[in-house]
Amino acid sequence: MRIMVIGLGYVGLVAVAGLAKAGYQITGVDINIKKINSLNNGKIDIYEPGLKEVIDEARLNQRISFKNIAEIKNIDCGIVIICVGTPSRPDGAADLSQVEYTIEWIKERTINSLTIIMKSTVPPGTGELLYKKYLAGFSYKINYISNPEFLREGQALKDWFYPDRIVIGGNNNKAIEEVSALYDSLNARIVKLDITSAELIKYAANAFLATKISFINEIACLCDCLGADINSVATGIGLDNRIGEGFLKAGIGYGGSCFPKDVRALNFLSTINGHNFELLRATIIVNSRQRLLPVQKLRSYLGNLVNKNIAVLGLTFKPGTDDIRESPSLDIIRLLLDEGANVSIYDPIRKNLNINLFRKDQIRFGKNILDTVKGTEAVVVATEWDQFIDTNWSEIKIVMNEPFLIVDGRNCLDPCIINNCGFIYSGIGRAKAHER
Ligand SMILES: NC(=O)c1ccc[n+]([C@@H]2O[C@H](COP(=O)([O-])OP(=O)(O)OC[C@H]3O[C@@H](n4cnc5c(N)ncnc54)[C@H](O)[C@@H]3O)[C@@H](O)[C@H]2O)c1
């Protein structure tokens, strides 16, 4: 069976890889010509471990082709999967312009009945609305299925091949079964339901996980007041099966291309539907506050930050990805620059920043960790890359200047090791005893 996947970002490329591996013939389509050219030259423009290997194998087996949208005149396959972006609008709502453009584009080109699978994250109610607006009564029968994606960047292939569940929402049983069959090769639990409920599962899951993070960050603040250690407290909480150990890492908060925008969109949707989702608002407020903590800590140890040299280790919103969308690190760098600090940066994967975000002369990219921290008074660890955890901190100390401050925004370092190397260690909610 031939399938078209539209939008070849983190989600689309993984869908292409996973479905090609299951034996389907896939056409991957994107609006970005540069991306298509590089895919056709065997290159992948995102960092996702293992993805290139699976795509290369599918290419060798002639299971995939990549095309720019302008090259597609007719759509004659039975299934089209939409994986385009749904970023935030300034008011917090999800911007659905890419999705709507894509549905109109499909309509103009389809020459047979087909099933549209929506993998992009769209707010609850969107599928029903899109169906009424664009698809009902169209000359070819078009089924609409909501099939939200739950993959995590950095382990996206594992999540595709071993999902916790697959959610399929639709109002036509035949189409639900057709989509369900795509995943026959996976040993996955499939949840079949209506479109709006499927859409809400995606938002509710992200909102719950984001809330768990903000909750543990609140407990971390309490730890700072009481002199307790949040990492030990989180372990003790997480061992309770009813709670679970995931998403209990205190730090500078969640970022990335999903949680922030999806939580904002759910908040917006709740408000316009007449529900004041207070818990979600608190989640957002706590998350914004956490990003300020490293700068507050730097100020409390260094005084004002004008002309202070500060290294920021980590740009991506988490390890294992090159994605910097809504990364807390960017906010921290921005605040440091506002305060007049000189900022040097290092990330093991992400080697550049969109220059619109910062003026080039305001920051320096180090060649490696040592080069980045050289001559600095303080280091902020903003992403918990293994490279930072495993680094030789004694060597770091030699090239730094007083007061040798390490602000561990991810609580990923061992405070004893850092203290023993002669640093001041300051984590988020870690026992004050460490902060000598
Ligand atoms: N990134 C994740 O971890 C993740 C996880 C689950 C769900 N999602 C959701 O999946 C969707 C896609 O996310 P992503 O991170 O892959 O986005 P992305 O920005 O990495 O990729 C989107 C792709 O769509 C392309 N595109 C935009 N308009 C197009 C059009 N009209 N025709 C063809 N291509 C077009 C873009 O060029 C881009 O390559 C979003 O709704 C997101 O919320 C993302």
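**Exercise 1. Lysine 35 and its surroundings**

Task: In this predicted model, find which residues lysine 35 contacts once its neighbours within four places in sequence are left aside.

Solution: Start by placing the residue: lysine 35 sits in helix 2, residues 33-40. Next, collect the contacts beyond four places in sequence, which are Leu8, Gly9, Asp30 and Asp45. Finally, check exposure: the relative accessible area of lysine 35 is 10%, and buried means under 20%, so this lysine is buried.

**Exercise 2. The annotated binding site**

Task: Work out why the residues that UniProt lists under "binding site" do not all gather at one spot.

Solution: Begin with the record. The unreviewed UniProt entry places the feature "binding site" at Asp30, Lys35, Thr86, Thr121, Glu153, Lys261 and Arg325. These positions span 296 residues in sequence, and the farthest two C-alpha atoms are 24.1 Å apart, so the set does not all gather at one spot. Then turn to the largest cavity: its lining takes in Thr121 from this set.

Now look at that threonine itself. Threonine 121 lies in the loop between strand 5 (114-118) and helix 5 (126-135). Its relative accessible area is 11%, so threonine 121 is buried. Not counting residues up to four places away in sequence, threonine 121 touches Thr86, Lys202, Tyr203, Lys261 and Asp262. Thr86 and Lys261 are themselves among the positions in the UniProt feature.

**Exercise 3. Strand 6 and its partner**

Task: Determine which residues of strand 6 lie on each of its two faces, and whether those faces are covered or open.

Solution: In a regular strand the side chains alternate between the two faces of the sheet. Here, Ile142, Tyr144 and Ser146 are on one side, Asn143 and Ile145 are on the other, and all are buried, which leaves both faces covered. The count for strand 6 (residues 142-146) agrees: 5 of its 5 residues are buried.

For the pairing, strand 5 and strand 6 run in the parallel sense over 5 bridges. One pair to locate is isoleucine 116 with its bridge partner in strand 6, tyrosine 144. Adding the helix completes the picture: strand 5, helix 5 and strand 6 make a right-handed β-α-β unit.

**Exercise 4. Domains and a buried asparagine**

Task: Find how many residues of domain 2 are in contact with domain 3.

Solution: First set the bounds: domain 1 covers 2-193, domain 2 covers 202-288 and domain 3 covers 291-434. Across the boundary, 21 residues of domain 2 are in contact with 20 residues of domain 3. The C-alpha centres of these two domains lie 23 Å apart.

Then examine asparagine 217, in helix 8 (residues 195-226). With a relative accessible area of 0%, asparagine 217 is buried. Beyond four places in sequence, its contacts include Lys249, Val286 and Arg289.

**Exercise 5. Unusual backbone geometry**

Task: Locate the cis peptide bond, then describe two residues with positive phi.

Solution: Most residues other than glycine have a negative phi, and most peptide bonds are trans. The cis bond joins glutamate 402 and proline 403, with omega about 10°. Proline 403 lies in the loop between helix 16 (393-399) and strand 13 (405-408).

Phenylalanine 247 has a positive phi of about 60°. Its place is the loop between helix 9 (230-238) and helix 10 (259-272), and at 33% relative accessibility phenylalanine 247 is partly exposed.

Asparagine 411 has a phi near 50°. This asparagine lies in the loop between strand 13 and helix 17 (415-420) and is buried, at 7% relative accessible area.

Terms used. Residues are numbered from 1 along each chain as its sequence is written. This is a predicted model: local features need pLDDT of at least 70, side-chain atom pairs count only at pLDDT 80 or more; totals for chains, interfaces and linings use all residues. Side-chain values use heavy atoms; hydrogens and water are left out. UniProt positions are given in the numbering used here, feature names are shortened, and annotations may be inferred rather than shown by experiment. On a 1 Å grid over the protein atoms alone, a cavity is a set of points where a 1.4 Å probe fits but cannot get out, and a pocket is an open set with protein on both sides within 12 Å along at least five of seven lines; lining residues have an atom within 4 Å of a point. Helices (H or I, at least four residues) and strands (E, at least two) are DSSP runs, numbered from the N terminus. Buried means under 20% relative accessible area, exposed over 50%, partly exposed in between (1.4 Å probe, protein chains only). Contact means heavy atoms within 4.5 Å. Two strands pair if DSSP finds at least two bridges between them. A crossover is right-handed if, with the strands pointing away from the viewer, the path from the first strand over the helix to the second runs clockwise. Domain bounds come from an automatic or database domain assignment.
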